Amino acid sequence: MAAPVAIHLEFGGGAELLFNGVKEHHVTLPSQSEPWDVKQLLVWIQRNLLKERPELFVQGDSVRPGILVLINDADWELMGELDYRLQDQDNIVFISTLHGG
Amino acid sequence: MAQEVSCLKAQLREKEEEIVRLKNKLAQLEQVRTELFDKVIPLTPLKAKAALSNDDIMRYSRQLLLPELGVQGQLNLSKTSVLIVGCGGLGCPLAQYLAAAGIGRLGLLDYDEVELSNLHRQVLHGEKNQGQAKALSAASAVKRLNSTVECIPYHLQLSPENALQLIQQYPAANPLTYICYAGQTLPLVSASALRLEGQLTVYNYCGGPCYRCLYPVPPPRETVTNCSDGGVLGVVPGIMGCFQALEVLKIASGQVSSCCQKLVIFDAQDAKFRSIKLRPKQAGCAVCGERPSVTQLVDYEAFCGTAATDKCRKLSLLSRDQRITIQDYKSIVDNAEPHLLLDVRPLVEVDICHLPVSLNIPLLSLEEKKSEDIRLLKERIGQLKKQMSGDCQPPVYVICKLGNDSQKAVQVLEKMSGSEVDSITVKDICGGLMAWAKRIDPTFPQY
Ligand SMILES: [Zn+2]
């Protein structure tokens with residue numbers, strides 16, 4: 001059994017509007033048989049935090065195009081994307097890209 | 001004495017008339033000098049200055065003292081051309097600081113005219129410039145600041161056809177916000193701002209990604225919000241435009257941008273900057289990769305399915321018989337026909353302006369079926385039903401700013417009709433409150 005993982009989630013660039021405008025969430029992912037990865041985190045967010053319009057956040061088993069995922073202040077592409085194994089106290093940011101000005 | 005006074009007055013009048021004449025002549029000449037171009041024109045290459053003049057030394061003295069810039073850096077700036085795409089909230093401060101710092105040539109490109117709703121953030125334009133081409137207005141403001149900077153205002157829309165020509169003429173830092181281009185290795189200092197947030201990235205620079213490396217698939221159209229839909233605090237693009245100017249000045253003067261392979265995020269609400277390490281240039285990228293499949297310039301609007309403009313979009317979700325025109329609604333009011341007017345805008349917009357008889361329930365509350373709002377709606381429909389004779393369905397007219405959200409609300413209400421609330425006839429008012437302001441009541445505010 002893997003122990004529960006406490007992580008810090010952040011939403012920005014307008015993505016927070018899908019979560020009642022709340023930018024920061026401290027969450028604890030429950031203990032489960034396998035270690036938590038980002039793919040499972042997306043499912044967990046959908047079930048526990050995302051109230052409506054999931055199509056504006058996820059597409060298939062990944063995030064929708066136009067949302068960047070950052071793991072501890074680095075592009076998730078550098079960290080293994082969906083397969084990254086979450087560590088206790090990780091900081092995961094979902095940021096929607098802005099257009100215009 | 002009296003004679004002397006009248007003589008002096010006459011002389012003064014004469015001089016004043018002469019001043020007016022001279023001012024007009026000057027204005028005409030300046031008009032010629034800042035000609036507005038509606039197509040890409042051939043430009044002579046910028047010549048490198050051999051040395052700084054005494055005026056240059058005085059003007060730039062405070063930055064020449066910086067070892068990071070110095071005389072060589074200043075000379076480098078003077079031979080640099082920068083194309084600024086969009087003379088709006090980002091482009092204005094960007095152009096202003098580049099000109100002030102002594103950049104050699106500025107291409108200023110914008111297809112829009114100055115509007116009153118631009119002035120809170122597009123700080124090169126003034127009240128007197130309303131209706132003028134933004135590119136020209138920006139060019140005259142920049143000229144006032146530093147007449148030694150060569151300004152080329154373009155009144156045109158960036159297209160795959162003209163973009164390549166333009167890029168070739170501005171070989172240094174290209175803050176092109178709106179195109180994804182192929183086969184180019186020019187640094188692109190890109191920024192955006194919305195609501196209380198800003199983002200900045202330098203693409204195609206020092207092994208960092210291109211736009212397409214970072215976003216291989218365009219965002220769905222409905223997820224792209226612009227300033228006229230989402231709102232923006234003017235100082236936020238101001239800060240981001242200044243940030244762009246900083247990075248352009250570093251690159252143009254011969255230093256290295258600090259934003260190489262980075263995304264900088266600015267949260268104005270919390271006054272927080274954050275710098276994110278991005279993926280490097282991707283070998284599999286369709287644009288800059290080893291085997292690129294995109295070898296032509298790609299139109300941003302086609303790529304993203306959205307227009308590169310501040311203007312609002314028009315939705316069409318309903319059939320003709322589900323909508324009425326603003327004139328139809330005016331006659332319903334004039335004939336005192338019983339009805340319910342439902343305003344589905346967010347509260348912050350209702351505070352700006354509203355029609356006195358409307359009931360406000362934001363679209364989001366309708367979609368989420370907030371119990372308090374549904375109770376209120378039921379109550380008002382009940383009252384209306386009592387007012388009306390027979391068993392006809394009470395009419396509900398839905399209004400918003402422009403007639404987009406109101407169509408979505410009609411769809412929600414039609415599903416609720418006969419179940420959550422009594423049976424009703426729901427119709428959308430085309431064009432919304434802005435149509436009311438334009439066609440019915442000119443004293444009603446527009447925003
Ligand atoms: Zn690329």
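**Figure 1. Burial of G101(A) in the predicted model.** At a relative accessibility of 18%, G101(A) counts as buried, because buried residues are those under 20% relative accessible area. The structure shown in this and the following figures is a predicted model. G101(A) belongs to the segment that comes after β7 (91-96) of chain A. An unreviewed UniProt entry lists G101(A) under "modified residue: 1-thioglycine". Neighbours within four places in sequence being set aside, the contacts of G101(A) are G88(B), G89(B), L90(B), R121(B), A193(B), C227(B) and P237(B).

**Figure 2. The four cysteines of chain B that carry a "binding site" annotation.** In an unreviewed UniProt entry, the annotation "binding site" covers C210(B), C213(B), C285(B) and C288(B). These residues are spread over 79 residues of sequence, yet they cluster in space, with a largest C-alpha distance of 8.6 Å. C285(B) is located in the loop that joins β7 and α11 of chain B, and C288(B) also lies in the loop between β7 and α11. With a relative accessibility of 5%, C285(B) counts as buried. Beyond four places in sequence, C285(B) makes contact with C210(B), R212(B), C213(B) and P292(B). For C288(B), when residues up to four places away in sequence are not counted, the residues touched are C210(B), C213(B) and K281(B).

**Figure 3. Surroundings of L278(B) in the loop between β7 and α11.** L278(B) is placed in the loop between β7 (272-277) and α11 (300-304) of chain B. Its relative accessible area is 0%, and L278(B) is therefore buried. Contacts of L278(B) outside its neighbours within four places in sequence include L68(A), D75(A) and L78(A) of chain A. On chain B, the contacts of L278(B) are T201(B), P209(B), L214(B), Q261(B), K262(B) and L263(B). L263(B) is 15 residues from L278(B) along the chain, and their C-alpha atoms are separated by 6.6 Å.

**Figure 4. Two residues of chain B with positive phi that are not glycine.** Q261(B), which is not a glycine, has a positive phi of about 55°. Q261(B) occupies the loop between α10 (235-253) and β6 (262-267) of chain B. A relative accessibility of 14% makes Q261(B) buried. Q261(B) is also one of the residues in contact with L278(B). The second residue, A271(B), has a phi near 50°, again a positive value in a residue other than glycine. A271(B) sits in the loop between β6 and β7 of chain B. At 65% relative accessibility, A271(B) counts as exposed, because the term applies over 50%.

**Figure 5. Crossing of helices α12 and α17 in chain B.** Helix α12 (residues 326-334) and helix α17 (residues 432-440) of chain B have axes that come within 10 Å and cross at roughly 80°. The two helices, α12(B) and α17(B), are therefore roughly perpendicular to each other, since angles of 65 to 115 degrees count as such. From α12(B), the residues that take part in the contact are I326(B), Q327(B), Y329(B) and K330(B). Their counterparts in α17(B) are G432(B), A435(B), W436(B), R439(B) and I440(B). Sorted by class, the contact of α12(B) with α17(B) consists of five nonpolar, two polar and two charged residues.

**Figure 6. I381(B) in helix α15.** I381(B) is part of helix α15 (residues 371-387) of chain B. With a relative accessible area of 1%, I381(B) is buried. Its contacts, apart from neighbours within four places in sequence, are L340(B), P394(B), V421(B), D422(B) and I424(B). By contrast with these contacts, K128(B) is 253 residues from I381(B) along the chain, and the C-alpha atoms of the two residues are separated by 49 Å.

**Figure 7. Confidence of the model, with two stretches of chain B.** The model scores ipTM 0.90 and pTM 0.81. For chain B the mean pLDDT is 88, and 91% of its residues reach 70 or more. Over residues 172-183 of chain B the pLDDT stays under 50, and the model has 57 contacts beyond four places in sequence for this stretch. Residues 304-308 of chain B likewise have pLDDT below 50, with 14 contacts in the model beyond near neighbours in sequence.

Technical notes:
Residues numbered from 1 in each chain as written. Chains lettered and ligands numbered in written order. Predicted model: local features only at pLDDT ≥ 70, side-chain atom pairs only at ≥ 80, totals over all residues. Heavy atoms only, no water. UniProt positions renumbered as here; feature names shortened; annotations may be inferred. Helix = DSSP H or I, 4+ residues; strand = E, 2+ residues; numbered from the N terminus. Buried < 20%, exposed > 50% of the residue type's maximum accessible area, 1.4 Å probe, protein only. Contact = heavy atoms within 4.5 Å. pLDDT = per-residue confidence, 0-100. Axes fitted to C-alpha atoms, helices over the stretch in contact; angles between N-to-C directions. Parallel < 35°, antiparallel > 145°, perpendicular 65-115°, else oblique. Nonpolar A, V, L, I, M, F, W, Y, C, P; charged D, E, K, R; others polar.
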